Amino acid sequence: MCGIIGYSGPLEAGNILLNGLSQLEYRGYDSAGIGYFDTASKVHVVKETGKVAKLKETLSSAGDGSHCGIGHTRWATHGGVSDVNAHPHRAGRVTLIHNGIIENYHRLTQEFDLESSLLSQTDSEVAAWILDRFYDGDAQSAIRKLAECIVGSYAFCIMFDDRPGEIYAIRSVSPLVASYTPSGALIASDLTALIPYTKSYFVVPEGHIVKITGYKISVFNLDGEKTAPEMMEINWNTDAAMKNGFPHFMLKEIHEQPEAMKNTILPRMAKGLPDFTDDGIPDDIFAGCSQIHIVACGTAMHAGMVARALMEPVLRIPVMVSIASEFRYEEPLINEHTLVIIISQSGETIDTLAALRLSKSYGSRTLSIVNVKGSTIARESDYVLYTHAGPEIAVASTKAYSVQLAALYMISCRMALVRGSFTKSQASAFLTDLLDAIPAMETMISRKIEEKNMVTHLINQQDTFFMGRGLDYAFSLEGALKLKEISYIHAEAYAAGELKHGTIALITQDVPVIAIATQEHVFSKMISNVREVKARGAFVILLTKEHAQADQGLADIHIRIPDLDDRFTVFPIAVILQLIAYYASVGKNLDVDQPRNLAKSVTVE
Ligand code: AGP
């Protein structure tokens with residue numbers, strides 16, 4: 001969850017660290033800090049609560065002339081949000097930043113008798129002190145000993161007072177990428193901080209120690225032997241991680257969806273059919289399975305819910321969806337005949353990663369849908385289907401959701417073809433329908449959702465309800481999450497027929513109900529449910545297809561999407577639900593891209 005950066009090289013370290021922290025801020029933003037060697041090779045640390053912009057002001061010219069340093073932006077886990085708990089932590093000759101959780105930090109505090117030394121309440125400072133105890137001039141040996149003590153996840157960047165110009169790093173589970181560039185050597189939690197400087201990078205291998213100096217990066221295994229990490233290419237450009245004139249990343253990313261859909265779908269079409277040859281995904285994983293289990297968190301899990309509703313009627317095999325944080329502690333009913341589909345934008349979500357590892361231990365075949373190239377989930381899955389959304393910076397996921405759906409739709413189609421549930425012409429028609437959803441998304445992006453008076457109505461309410469049936473219910477789950485996380489308006493998604501079994505008690509005058517009614521076979525049932533809430537005074541926002549028959553006056557606001565086959569309405573509906581949440585957040589003057597208490601990448605339990 002935290003963002004980490006380290007730099008050593010010929011340029012001003014202060015600028016590079018602060019700019020890097022701005023890029024990484026979406027990983028956590030309750031406090032920030034940097035540590036650096038000054039021109040006299042003395043270490044300084046500046047850290048405080050608040051965002052990176054505040055740290056920039058505080059620092060002003062501090063760090064000038066430095067060519068080596070580390071920076072951190074925090075999402076608090078152990079210890080509240082305070083200056084002292086911000087990173088870097090100083091302990092004797094050690095300056096350390098950490099992303100992850102040290103599960104045995106309490107026992108280590110006692111074992112190393114650190115109680116009186118600790119200034120903060122963090123697990124990270126415990127690691128810094130232990131490292132200082134072990135350090136006798138041999139950095140690698142001290143880091144190895146530290147790694148042997150720790151139970152948990154970590155990415156550490158470390159400086160030793162007597163080693164100016166050098167940064168050491170080690171990771172277990174928590175991500176780190178690094179690159180040696182003409183501008184110097186960089187290490188960071190993710191690629192967004194490297195993009196301005198390089199096109200090539202490597203993922204720091206787990207259980208390896210990285211040594212960074214101004215002129216090179218060396219990687220060693222825990223036996224002290226030098227190893228050559230696998231270099232990878234970055235296919236994102238600098239623009240992709242900028243707002244490019246949009247007021248917020250979220251709005252920019254909503255607009256990028258049609259392009260991201262094309263980038264994800266078109267390279268996987270051959271003769272009008274889905275084709276995963278270039279991804280190295282063999283058909284036998286689709287032909288040979290007797291059930292599908294989809295595992296993910298949050299928005300990615302909601303994409304899985306849509307896939308379940310889409311796949312089961314076509315494939316006629318059980319398709320289950322699990323929340324990764326639950327699945328990992330269950331004894332799942334999966335085996336070697338199960339295809340486990342793992343979905344993750346970041347490819348680093350700790351619960352999803354644990355679910356992947358558990359699935360493999362049951363002998364299941366694993367296929368992951370991941371956006372970040374080279375991420376841990378991508379590397380550890382048997383097969384990976386990369387989505388091509390480019391970097392998603394806003395904490396609220398938008399374009400990643402659409403492309404996860406696109407990937408799932410393509411998998412469903414290929415699977416139906418391979419298993420004989422679709423003929424070639426049915427599969428081809430399915431993909432044509434999928435492509436037709438893209439202009440429908442464009443249409444919804446260009447409609448002036450914000451000009452409808454629903455936002456004014458929504459922002460004055462405490463609670464809202466989303467409802468739908470079948471696929472529409474699956475879509476509504478994501479609509480409710482989007483609204484909650486960025487507008488702080490309580491939202492619940494309900495299967496429309498279930499509302500009257502209790503929840504309808506909460507519908508009173510003016511409570512907004514967002515009713516999604518795009519599924520023709522249950523359309524009349526949905527309209528009855530809309531009447532039920534309307535009769536109790538709800539403020540109804542109704543979403544239907546263009547030519548759906550809905551009585552005048554049934555809804556307070558009626559938004560129509562282009563007529564599409566029922567299976568594909570999720571794409572334009574997703575755009576509307578994202579825009580509703582976006583404008584509600586803007587209307588309440590909130591921090592759209594970095595909502596309170598959240599972080600983009602959840603790499604802790
Ligand atoms: C939703 O807007 C969030 N960003 C969140 O629910 C997210 O989808 C979830 O944390 C999973 O992240 P991942 O796709 O990177 O694994």
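Which polar backbone atom is 2.6 Å from an oxygen atom of the ligand? Select Gln345 to find out: a polar backbone atom of this residue sits 2.6 Å from a ligand oxygen.

Before going on, a word about what is on screen. This is a predicted model, in which local features need pLDDT of at least 70 and side-chain atom pairs count only at pLDDT 80 or more, while totals for chains, interfaces and linings use all residues. Residues are numbered from 1 along each chain as its sequence is written, and side-chain values use heavy atoms, with hydrogens and water left out.

**Stop 1: the ligand**

Stay with the ligand and show its surroundings. 14 residues surround the ligand, counting a residue as near if one of its heavy atoms lies within 4 Å. The closest are Ser344, Gln345, Ser346, Thr349 and Glu485. Now pick Thr349, where an N or O atom of the side chain is 2.4 Å from a ligand oxygen. Then pick Glu485, which has a polar side-chain atom 2.5 Å from an oxygen atom of the ligand.

**Stop 2: the parallel sheet**

Next, select β23 (463-468) and β24 (490-495). Helices (H or I, at least four residues) and strands (E, at least two) are DSSP runs, numbered from the N terminus. These two strands pair in the parallel sense over six bridges; pairing requires that DSSP finds at least two bridges between the strands. Gly468 stands opposite Ala495 in β24.

Widen the selection to the open sheet of five strands, in the order β24-β23-β25-β26-β27, with parallel pairing. β24 and β27 (557-561) are the edge strands, each paired on one side only. From one strand to the next, the twist averages 15 degrees.

Add helix α18 (residues 570-587), which lies across β23, β25 (512-517), β26 (539-545) and β27 and runs at about 140 degrees to β27. Axes here are lines fitted to C-alpha atoms, for helices over the stretch in contact, and angles run from 0 to 180 degrees between N-to-C directions.

**Stop 3: Gln461**

Move to Gln461, in the loop between α15 (454-458) and β23. Setting aside neighbours within four places in sequence, Gln461 is in contact with Ile489, Asp510 and Pro512, contact meaning heavy atoms within 4.5 Å. For a long view, add Tyr135: the C-alpha atoms of Gln461 and Tyr135 are separated by 57 Å, with the two positions 326 residues apart along the chain.

**Stop 4: a helix pair**

Select α13 (residues 399-418) and α14 (residues 424-446), whose axes come within 9 Å and cross at roughly 170 degrees. That angle makes α13 roughly antiparallel to α14, the word used for angles over 145 degrees. Show side chains: Ser402, Ala406, Tyr409, Met410, Cys413 and Leu417 in α13 meet Lys424, Ala427, Phe430, Leu431, Leu434 and Met441 in α14.

**Stop 5: the antiparallel sheet**

Now colour the seven strands of the open sheet ordered β5-β6-β7-β8-β12-β13-β14, where the pairing is antiparallel. At the edges, β5 (89-91) and β14 (226-227) each pair on one side only. Inside the sheet, five bridges join β7 (residues 152-160) to β8 (residues 167-172). Which residue in β8 is the bridge partner of Ala155? Select Arg171 to see that partner.

**Stop 6: two backbone details**

Centre on Pro88, in the loop between β4 (68-74) and β5. The peptide bond from His87 to Pro88 is cis, with omega near 0 degrees. Finish at Asp113, in the loop between α3 (105-111) and α4 (123-134). Its phi is near 50 degrees, a positive value in a residue other than glycine.

Methods
Parallel < 35°, antiparallel > 145°, perpendicular 65-115°, else oblique. Polar contact = N/O pair within 3.5 Å; in protein donor to acceptor, adjacent residues only side chain to side chain.
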